[in-house]
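Work through the exercises below with the sequence and the 3D view open. Try each task before you read its solution.

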Amino acid sequence: MKAVMFEAFGARPEIVTVPDPEPDAKGVVIEVGATGVCRSDWHGWMGHDPDITLPHVPGHELAGRVAAVGPDVTRWKVGDRVTVPFVGGCGACPECHAGHQQVCHHQFQPGFTHWGSFAQYVAIAQADLNLVALPDTLSFETAASLGCRFATAFRAVVDQGRTRAGEWVAVHGCGGVGLSALMIARAIGAQTVAIDISDEKLSQAKACGATHTVNATKVQDVVSAVRDISGGGAHVSLDALGHPTTFFNSVMNLRKRGRHVQVGLLLADQATPAAPMARVIGDELEILGSHGMQAHRYDAMLAMIQSSVLDPEKLIGDLITLEASIDALTEMDSFAGVGATVITEF
């Protein structure tokens, strides 16, 4: 199969031909119909993820058709249209038994723990537990954006943030996760504030459900701006970028007993940002993480998409070829793109 591969962290990837993957007894191989180019892929390419061994094929936001099935798989057959969460569960640990596959003790992640979906085919283990059936009406490019960005945002806003209608939600960073979070929060009935440094991204945030926007480069104090707009602070605030500044601002712009949800990755020299713990204690704030979403929770999200309450297709930016994904990946730290970049030609 054709795949994008890098042999050293930070070195430019290349298009290579490698053997097709084989399914294990409980797994499948998926023919990739579309796969997103995510900032997490950039972190992996830079060497920020200890699970990656070289040489490596990135890619974890994928959708496609089942191409091969292991002998112990009971729920899936060749030709089924599927997607998969970016975190897969083992099915045997205490967290999996409790339904929390997103924090499985022995989790696997395509594009990190094994070769990913910047390729024509990708192998997925424990298929009966981890695959999600796709409605015929949902395109592969839209479905590919669900596995990391949209599903992570759904869990962050709905399950972790416990957002309710009428509350204020602040979203720091208007990339794919941030735009998804804004759309989901607005669909629930929340008032939303989008914060970014790009007017172009803030314009898209408006189209995706932001009721207010703040350009962080054009205000003296982001925290004060959010608190003024929301009449005292956000009930729920997300750092959808993953940076010490956005983390700090997200915590500080909360009202008393507010909930901060950390969605963006903070890695390498940014992994331990300063936290305003006096404020956390004094105002009884909550600091929560959000790490993907279990396959069994997709039903609620897909139902909202099918009923047109949510429209993740609005979040798609450029559709590109596998060859073009190399530049898209290596230039991701410039934050130049608007919306989700998706590979659709292999």
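**Exercise 1. A proline in a loop**

Task: Where does Pro55 lie, and what kind of peptide bond joins Leu54 and Pro55?

Solution. Keep in mind throughout that this is a predicted model.
- Step 1: Find helix H1 (39-46) and strand S4 (62-69); Pro55 lies in the loop between them.
- Step 2: Turn to the bond between Leu54 and Pro55, where omega is about -5°.
- Step 3: Name the bond: it is a cis peptide bond.

**Exercise 2. Positive phi at Arg257**

Task: Place Arg257 in its element, then decide whether Arg257 is buried or exposed.

Solution.
- Step 1: Arg257 sits in strand S12, which covers residues 254-262.
- Step 2: Its phi is near 65°, a positive value in a residue that is not glycine.
- Step 3: The relative accessible area of Arg257 is 54%. The cut-off for exposed is over 50%, so Arg257 is exposed.

**Exercise 3. Positive phi at Ala268**

Task: Locate Ala268 and classify its accessibility.

Solution.
- Step 1: Look in the loop between S12 and H10; Ala268 is there.
- Step 2: Ala268 is not a glycine, yet its phi is positive, about 55°.
- Step 3: Its relative accessible area is 48%. Buried needs under 20% and exposed needs over 50%, so Ala268 is partly exposed.

**Exercise 4. A surface patch**

Task: Which residues form a nonpolar patch on the surface with Met277?

Solution.
- Step 1: Start at helix H10 (residues 277-282), where Met277 lies.
- Step 2: Add Ile281 and Ile287, which complete the patch with Met277.
- Step 3: Together these residues have about 290 Å² of accessible area.
- Step 4: Met277 has 41% relative accessibility, so it counts as partly exposed.

**Exercise 5. A cavity and its lining**

Task: How many cavities of 30 Å³ or more are there, and which classes of residue line the largest cavity?

Solution.
- Step 1: The count is 1 cavity of 30 Å³ or more.
- Step 2: The largest cavity has a volume of about 30 Å³.
- Step 3: Find its lining, which includes Pro85, Val87, Gln101, Leu129 and Met293.
- Step 4: Sort the full lining by class: 5 nonpolar residues, 6 polar and no charged ones.

**Exercise 6. Ala328 and Gly339**

Task: What separates the C-alpha atoms of Ala328 and Gly339?

Solution.
- Step 1: Go to helix H12 (residues 325-330), which holds Ala328.
- Step 2: Ala328 has 22% relative accessibility, so it counts as partly exposed.
- Step 3: Gly339 is 11 residues apart from Ala328 along the chain, and their C-alpha atoms are separated by 13 Å.

Conventions
Residues are numbered from 1 along each chain as its sequence is written. This is a predicted model: local features need pLDDT of at least 70, side-chain atom pairs count only at pLDDT 80 or more; totals for chains, interfaces and linings use all residues. Side-chain values use heavy atoms; hydrogens and water are left out. Patches are made of residues with over 30% relative accessible area and no salt bridge: like charges are joined within 9 Å, nonpolar side chains (Val, Leu, Ile, Met, Phe, Trp, Tyr) within 5 Å. Accessible areas come from the Shrake-Rupley method with a 1.4 Å probe; for residues, only the protein chains shown count as cover. A salt bridge is a side-chain nitrogen of Lys or Arg within 4 Å of a carboxyl oxygen of Asp or Glu. Helices (H or I, at least four residues) and strands (E, at least two) are DSSP runs, numbered from the N terminus. Buried means under 20% relative accessible area, exposed over 50%, partly exposed in between (1.4 Å probe, protein chains only). On a 1 Å grid over the protein atoms alone, a cavity is a set of points where a 1.4 Å probe fits but cannot get out, and a pocket is an open set with protein on both sides within 12 Å along at least five of seven lines; lining residues have an atom within 4 Å of a point. Grid points are joined across faces, edges and corners, and a volume is the space filled by probe spheres set on the points. Ala, Val, Leu, Ile, Met, Phe, Trp, Tyr, Cys and Pro count as nonpolar, Asp, Glu, Lys and Arg as charged, and the others, Gly among them, as polar.
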